[in-house]
Amino acid sequence: MRGEFLVALAVAGVFAFDAPLLAQGSLKLPQAAEATPRSLKLPQLAQAPSSPSTPATVTPSKSEYDAAFQQTMEHPADLDVLFKFATIASQTGDLEGAISALERMLLINPNLPRVRLELGVLYYRLGSYEVARTYLDGALKSPELTPEVRQRAEQFMAQIAKDEQRSRFSGEVFLGWRYQSNANLGPATSNVVLFGQAANLNQASLGQPDWGVVGSVQLRHVYDFGRQDKSALETLFTAYANRQFQVSQANVSLLDLTSGPRFQILSGTFEDVTLKPFATVGAIWVNDTPYYASYGAGLEGSVLLSDRLRNTTTFVWRRQDYPDTWYLPTNSQFTGAQYTGTTIFQFQLSPVVTLYGNGSWQQYETASTPWQNYTLWGVGGGMVFRFTDPLFKTALPWTVNLSANEQWWRYDQPDPTIDPNTFRFQNDTILNVVFSVPFDERTTFSLSGGRFVRGATVPNYAFENNSFMFGVSWRF
């Protein structure tokens, strides 16, 4: 069995919870009561600076928006009415309308530090850091400041200072435990084919269940060039490793580094279109022995098609060098070039639901073994659902991520060492569900389950694997 199947499954199991999400937010102010006219209570609406997640609120309809706006016309000095409209306007994406309503509240009563906080949040989301800082500073200087508002305002002030730095680091660490019903991705039965004849595998080569420990680190660096086109050098380093308790041949380690400049194009014609050419290098070990080293280059394009729909498309070329080792003495036959194209559409259906769909194409060409050349096509999609924290009563929503993917493999020639008369075709069905619970703005517990089923015209490569994983991630 080729080690990249183990690699793909191992890595997919860890990063499954990194499903695409559109960065967006809505008003959510801290819960603490504040002295306001007419006992005005401002609900928890302020957005956390370090998280793109949104509170689980239902998107108001256009009729609700219009009704709330009409009320502001009829009662222009009513703080309750103004805040209701600001909340609805923010939830529907009308940030300018929300800002206008909140600024009118300050004209009526300037001593509302929570409103100043929310204005700072909204201007931060619009990228107007200087104006955001002014409102946040005003909130911090207010005599009516509560501890909760102070904490939020200081968080945003720190985030603005961080975002304005030309060189910025961030990252995420994950540690988890995983069970797999077929950790080595072996076939379900010993009946296989060898040189076109029926053969039997020994029991050690069949699928084996096992527990293992999984860990990963992702480090991101952005260097802002300070130009009007928002160009920046983006670098991403990923390290991954799993250690099985019994099936050591399923141990996988991975290092990958990608770096390149991102810059905006078509400015003035489209709101947000960026290109990122990049270089990439990487290495993978299987069973603690070198599996392959790679280098390559690619191009990523990202475009905001509407206020709720984004597309990201990537093309990558990689050279993969497979060394022969004591564990894989014929590994060099897989040395070659890989060409990959992927496209992902992300649609924000509501503040509660994000939908996404993806398509992929991959072609692999070996240097000397054409029966290992293949073309792969894939389609998939999923949904991320957010809901209000029912246990800790935080402002951070819990999420459920459901995804399904189908892949079709076609090999160019029959493998003479397996079956010289049968072309190899494969079909993969990959299902995943991830449940995420944030403890705070940096720490998240995740629980995931998955099923991987491969059908193949050559029985040697068919298998099923069910997996279960739980762990904790920490962002910085």
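In this predicted model, Glu464 is partly exposed, with a relative accessible area of 45%, and forms a salt bridge with Arg451 in which the closest N and O atoms are 3.1 Å apart. Because Glu464 lies in strand β16 (residues 463–475) and Arg451 in strand β15, the pair ties together parts of the chain that are 13 residues apart in sequence. Arg451 likewise counts as partly exposed, at 32% relative accessibility.

The search of the whole structure that returned this pair finds 14 salt bridges. Another of them joins Glu441 to Arg152, with the closest N and O atoms 2.4 Å apart; this pair links distant parts of the chain, since Glu441 is placed in the loop between β14 and β15 (443–456) and Arg152 in helix α7 (residues 147–163), 289 residues apart. Both Glu441 and Arg152 are buried. A further salt bridge is formed between Asp321 and Arg319, whose closest N and O atoms are 2.9 Å apart. Asp321 counts as partly exposed at 30% relative accessibility, and Arg319 as partly exposed at 26%. In addition, Glu234, Arg262, Lys276 and Glu300 are linked in a network of salt bridges.

Asp321 and Arg319 also appear among the residues touched by Thr335, which, not counting residues up to four places away in sequence, further include Gln320, Tyr322, Tyr364, Thr366 and Ala367. Thr335 is placed in the loop between β9 (309–321) and β10 (336–348), and its side chain reaches the backbone nitrogen of Tyr322 at 3.0 Å. Thr335 counts as buried because its relative accessibility is 13%, below the 20% under which a residue is called buried. Ser436, in strand β14 (residues 425–438), is buried as well, with a relative accessible area of 11%; leaving aside neighbours within four places in sequence, Ser436 is in contact with Trp398, Thr399, Thr444, Phe445 and Ser446.

Positive phi values in residues other than glycine occur in the loop between β7 (273–286) and β8, where Asn287 is placed and has a phi near 55 degrees. Asp288 lies in the loop between β7 and β8 and has a positive phi of about 60 degrees. Asn287 is buried, with a relative accessible area of 13%, whereas Asp288 is partly exposed, with a relative accessible area of 46%.

Strand β8 (residues 289–304) contains Tyr295, which is partly exposed, with a relative accessible area of 42%. Tyr295 contributes to a nonpolar surface patch of about 900 Å², made together with Val173, Leu219, Phe237, Leu255, Leu257, Val281, Trp317, Tyr339, Trp474 and Phe476.

For the chain as a whole, the secondary structure comes to seven helices and 16 strands, and 48% of the 476 residues count as buried. The accessible surface comes to about 22000 Å², of which 61% belongs to carbon and sulfur atoms. Among contacts between residues at least 6 apart in sequence, 61% join residues at least 24 apart.

The mean pLDDT of the chain is 85, and 87% of its residues reach 70 or more. Over residues 9–57, however, pLDDT stays under 50, although the model has 171 contacts beyond four places in sequence for this segment. Where pLDDT is low, predicted coordinates should not be read in detail.

Terms used. Residues numbered from 1 in each chain as written. Predicted model: local features only at pLDDT ≥ 70, side-chain atom pairs only at ≥ 80, totals over all residues. Heavy atoms only, no water. Patch = residues over 30% accessible without salt bridge, like charges linked within 9 Å, V, L, I, M, F, W, Y side chains within 5 Å. Areas by Shrake-Rupley, 256 points an atom, 1.4 Å probe, with all protein chains shown as cover. Salt bridge = Lys/Arg side-chain N within 4 Å of Asp/Glu carboxyl O. Helix = DSSP H or I, 4+ residues; strand = E, 2+ residues; numbered from the N terminus. Buried < 20%, exposed > 50% of the residue type's maximum accessible area, 1.4 Å probe, protein only. Polar contact = N/O pair within 3.5 Å; in protein donor to acceptor, adjacent residues only side chain to side chain. Contact = heavy atoms within 4.5 Å. pLDDT = per-residue confidence, 0-100.
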